[in-house]
Amino acid sequence: MSTAPHLAAVPTDPPGVTGPAAVASPWSRLAAVANRTWVRKLLLLALLAAAWEGYARQLANPLLVPTLSDTVRALVQSVRDGELPGRVAISLKLLLMGYAGGVGLAAVLAFAAAGTRIGAELLELLTAMLNPLPAVALLPLALLWFGIGAGSIVFVLVHSVVWPVALNAHAGFSSVSPTLRMVGRNYGLRGPLLALRILVPAASPHLLTGLKVGWAFAWRTLIAAELVFGVSSGRGGLGWFIYEKKSELDMPQVFAGLVTVVSIGLAVEHLVFRQLEARTVRRWGMRT
Amino acid sequence: MATAMTLAGAPLLDLAGVTLEYRSGGRRVVATEGVGFQVEAGERVALLGPSGCGKSTLLKAVAGFLPPAAGRISLHGRALVSPGPDRIVVFQGFDQLLPWKTVHENVVFALRTARGLRRAEAERRARDHVRRVGLAPFAHAYPHELSGGMKQRVAIARCLALQPEIVLMDEPFGALDALTRERMQEELLELWREARFTLLFVTHDIAEAVRVGSRVILLSAHPGRVRADLRVGEGALAGDAHDAQARVRALVFDALEDWSI
Ligand SMILES: Nc1ncnc2c1ncn2[C@@H]1O[C@H](COP(=O)(O)OP(=O)(O)O)[C@@H](O)[C@H]1O
Ligand SMILES: [Mg+2]
């Protein structure tokens, strides 16, 4: 049975068996730990925190800059009494609605652009016109159309998400190699199936970039929009929380709100998008 | 001539007066002109010609990616209309594997998509064909973890697993180093002895054409026309490659004044 060609001598090691260099002394181990990027970033963060605390104490004007410790105390308190988590939940719900809407609309536009010439021209025209328009600039219009409240916010969120996502998807689909397209067509794939099975995975680095940029835009737009009007419904989100606390001159809570905004942004970037990247494009060697 | 039905006794592949051209913005580039030849089942036809003479274009037309401007390409007497898994192409570049799938998954994907096999059956056949090209230890590696030669082996395994009517190869070893190229040529012949598939193999390398082909079709420089159709027989397989190569070489220099590369 095994008259197979003689290919036994394969030159490379199987993947994933790169031998780690033997670690010698505890000192070099410590040096190795200190060399890790995240360890170094953590140290930098601690340094910045200390600088904040020192400056705020020296300034001694909690109405301008509360100390870090006051901010942390305020944060813990707001989390405990459930106010901050409630606000975050409201914000995230709006955000997810706007993000899903934007991504869905972008997918329709990008697939139309991949399949037809008129679709591509339409997408290019729309993005050229609307991408430079800041989402917040649409707020007055949104107020007129949807009134004060969730509808308006979701509208501007969709606007902030759809263009960067569609633009990246379009660029991704356009850059798929003609060879890969031919491989797909060779297997009898055409139209939507070719797009789904070949174009989408082949464009995944661009798609991920689009989703990431779209998320960052949406988060910023949301906080800004809430600062302008979270009022109406009586139950505002995180942006409204910050605005409200400013009116009450509760500066530690204002800072606690800001810290929360940053933390959620970072958490999504690291826990969601980095993980997704590591499991897909990095594993596939497609990150350029 | 019957047009829309399979003819008993018709050759497997039949090209008659095939002219292929590209049109872009009013400009017209003629790639091949009036090319005609037939391929019988089990033949290994090397399509030899200088760079730019339209070999890749011709292969794309046979694969169904490009309709002829004139002439007719038929398979079993039936005119070709679209690409299909009865003609599988192995390309020159290293970008023909799906980078998001492992070696094994690449073959499974092809079998499930093109042949509609159920997963279990596709997996069984994929394992078998990956083993035949000696890549069983790398079955679960991703393409970017493989060398160029290994990627081409996977592409060949993926193609042969589909058991197409005709295997189309476009300088599949063109981007490999000389040593690897020679070994791959041997391996390809070894695989052919096992499966006896029909092969249309494009190359601009005389030695490769003679080594791989049982027949060499010589194309002239731009635009490509058939200049010679030479039966090398099993000379190369039998180890009598020098004789055949000398004959082809003499013919090439006779027929083509402007041979490049
Ligand atoms: N997509 C294309 N558009 C226009 N001209 C092309 C295209 N592809 C190839 N050609 C031209 O067609 C001719 C044949 O090309 P090709 O088939 O790639 O040659 P070969 O594979 O023999 O090197 C060349 O003159 C080339 O410039
Ligand atoms: Mg070519």
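# Chains A and B and ligand 1

Visitor: Hi! How much area is buried between chain B and chain A?
Guide: About 3000 Å² is buried between the two, and carbon and sulfur atoms give 68% of that area. Keep in mind that this is a predicted model.

Visitor: Which three residues of chain B supply the most of what it buries against chain A?
Guide: That would be B:F65, B:W100 and B:F138, which together supply 21% of the area chain B buries there, more than any other three residues.

Visitor: And how many residues are in contact?
Guide: On chain B there are 38, and they are in contact with 30 residues of chain A.

Visitor: How many salt bridges or polar contacts does the rule find across that interface?
Guide: For salt bridges, the rule finds 0 between chain B and chain A. For polar contacts, it finds 7 residue pairs, with both residues at pLDDT 80 or more.

Visitor: OK, which elements of chain B give two or more residues to the side touching chain A?
Guide: Strand 6 (87–90) is on the list, along with helix 2 (103–115), helix 3 (119–132), helix 4 (148–161) and helix 5 (178–195), all of chain B. Helix 5 gives the largest share, 5 residues.

Visitor: What's the split by class on that side of chain B?
Guide: You get 20 nonpolar, 12 charged and 6 polar residues on the side of chain B that touches chain A.

Visitor: Switching topic: what surrounds ligand 1?
Guide: Residues of chain B, among them B:Y22, B:A31, B:P50, B:K55, B:T57 and B:H222. Helix 1 (residues 55–63) of chain B gives the largest share of that shell, 3 residues. By class, the shell has 6 polar, 4 nonpolar and 1 charged residues.

Visitor: Which atoms of B:G52, B:K55 and B:T57 lie by the ligand's oxygen atoms?
Guide: For B:T57, a polar side-chain atom lies 2.4 Å from an oxygen atom of ligand 1. B:K55 has a backbone N or O atom 2.9 Å from a ligand oxygen, and B:G52 has a polar backbone atom 2.7 Å from one.

Visitor: What share of ligand 1 does the protein bury?
Guide: It's 62% of the 560 Å² that ligand 1 exposes when taken alone.

Visitor: Back to salt bridges: how many are there over all chains?
Guide: The count comes to 29. One salt bridge joins A:E244 and A:R87, whose closest N and O atoms are 2.7 Å apart.

Visitor: Where do those two sit in the chain?
Guide: In distant parts of it: A:E244 is in helix 11 (residues 238–247) and A:R87 is in helix 4 (residues 83–115) of chain A, 157 residues apart.

Methods: Residues numbered from 1 in each chain as written. Chains lettered and ligands numbered in written order. Predicted model: local features only at pLDDT ≥ 70, side-chain atom pairs only at ≥ 80, totals over all residues. Heavy atoms only, no water. Contact = heavy atoms within 4.5 Å. Buried area = accessible area lost by both parts, 1.4 Å probe. Salt bridge = Lys/Arg side-chain N within 4 Å of Asp/Glu carboxyl O. Polar contact = N/O pair within 3.5 Å; in protein donor to acceptor, adjacent residues only side chain to side chain. Helix = DSSP H or I, 4+ residues; strand = E, 2+ residues; numbered from the N terminus. Nonpolar A, V, L, I, M, F, W, Y, C, P; charged D, E, K, R; others polar. Near = heavy atom within 4 Å. Areas by Shrake-Rupley, 256 points an atom, 1.4 Å probe, with all protein chains shown as cover.
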